[in-house]
Amino acid sequence: MTEKDILWPVKKFEVQNFWSDSTIWNDFQFRHDDIIIDTYSKSGTTWTQQIVSQLIFNRQENINISRISPWLDFRLNAESFGSKEKLLQTLENQTHRRCIKTHLPLDALVFSPKAKYIFVGRDGRDVACSLYNHLVNLICDGHVEPQSIQEIFQNRILSTSETSFFAHIRSWWNIRHLPNVLIVHFNQLKKDLPSEIKRIAKFLQIETEDLHCDTITEHCSFNYMKMNAGNFIENKYFIGGAKTFFYQGTNERWKNVLSDEECQSYEKRAIEELGKEGARWLATGELEDAKQADQ
């Protein structure tokens, strides 16, 4: 199948809420080497941004990720740049290879065959635990603090809305075979970071022979990123400063929080939404599709 024969995804709806304004993508001008990182919140977004930036700039330190790789559709981010137009102009002025972050489901994005898309997944139960810690420590006017992990689990992870966790995962899982889409998983980043960095580099057509891979791997470690937290988030946004943003970087904390019934409900829903292969990938990060795994 040639590129002209591919049925590319099209935008189906807009998301405009406290956090996001998807309409900004309607005015974004894509380049042929753009990199878009998409995740459901707290799935390894900043980690993947750091990996990509380290590949682009080859182990350079003190990169301000929030400025060179902005969350484009974050409503407050547009305000921090001065306006939506100034944010777009900042990206237009970038002369290096661009990397942009989003937390939108595929159906709320303008999808370009020109760009490379990296989608990062994580078990929704881990997402719920991490998102709870994130939100209870966030300093943001108008933000409503959740009362428990269970509240996030029920209202976000198990929600049936078009922007819910499973709707988000399903939208990307269904296009995982497109030539400009790479599926990455939080578990695999933790399990074998050097190999995942090389897999991402191969997908982005960045030659690893020319890179300082050991240093890049160190710069993408949890400890390094937490020690340099100010490069990723401003201190003013979190109780205790930017280091609070990097909480533990661990999985399976939900085992001490969620009931057996809640976990069974989640696992059943995963199979209903993604099929057995997709549910297995979401839980473990393991792909049966050799073509995708070897990209």
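Student: How many residues of strand β3 are buried?

Tutor: In strand β3, residues 116-121, 6 of its 6 residues are buried, so the strand is mostly covered. Buried means under 20% relative accessible area, exposed means over 50%, and partly exposed lies in between (1.4 Å probe, protein chains only). Helices (H or I, at least four residues) and strands (E, at least two) are DSSP runs, numbered from the N terminus.

Student: Before we go on, what kind of model is this?

Tutor: It is a predicted model: local features need pLDDT of at least 70, side-chain atom pairs count only at pLDDT 80 or more, and totals for chains, interfaces and linings use all residues. Residues are numbered from 1 along each chain as its sequence is written, and side-chain values use heavy atoms, with hydrogens and water left out.

Student: Back to β3, then. Which residues lie on each side of the strand?

Tutor: K116, I118 and V120 are on one side, while Y117, F119 and G121 are on the other. Both faces are covered.

Student: Which strands pair with β3?

Tutor: Two strands pair if DSSP finds at least two bridges between them. Strand β1 (residues 35-39) runs parallel to β3 and is joined to it by 5 bridges. Strand β4 (residues 181-185) also pairs with β3 in the parallel sense, over 5 bridges. F119 is a handy residue to find on screen: D38 stands opposite F119, and F119 stands opposite I183 in β4.

Student: Now a loop residue. Is K42 buried or exposed?

Tutor: K42 is buried, with a relative accessible area of 15%. Look for K42 in the loop between β1 and α1 (45-57). K42 and F186 are 144 residues apart in sequence, yet their C-alpha atoms are 9.7 Å apart in space.

Student: Which residues other than glycine have a positive phi?

Tutor: Two examples are R59, with phi near 70°, and Q205, with phi near 60°. R59 lies in the loop between α1 and α2 (65-68) and counts as partly exposed, at 36% relative accessibility. Q205 is in the loop between α9 (193-203) and α10 (213-219), and counts as exposed at 66%.

Student: What does the whole protein come to in helices and strands?

Tutor: The protein has 13 helices and 4 strands, and 56% of its 295 residues count as buried. Contact means heavy atoms within 4.5 Å. Among contacts between residues at least 6 apart in sequence, 76% join residues at least 24 apart.
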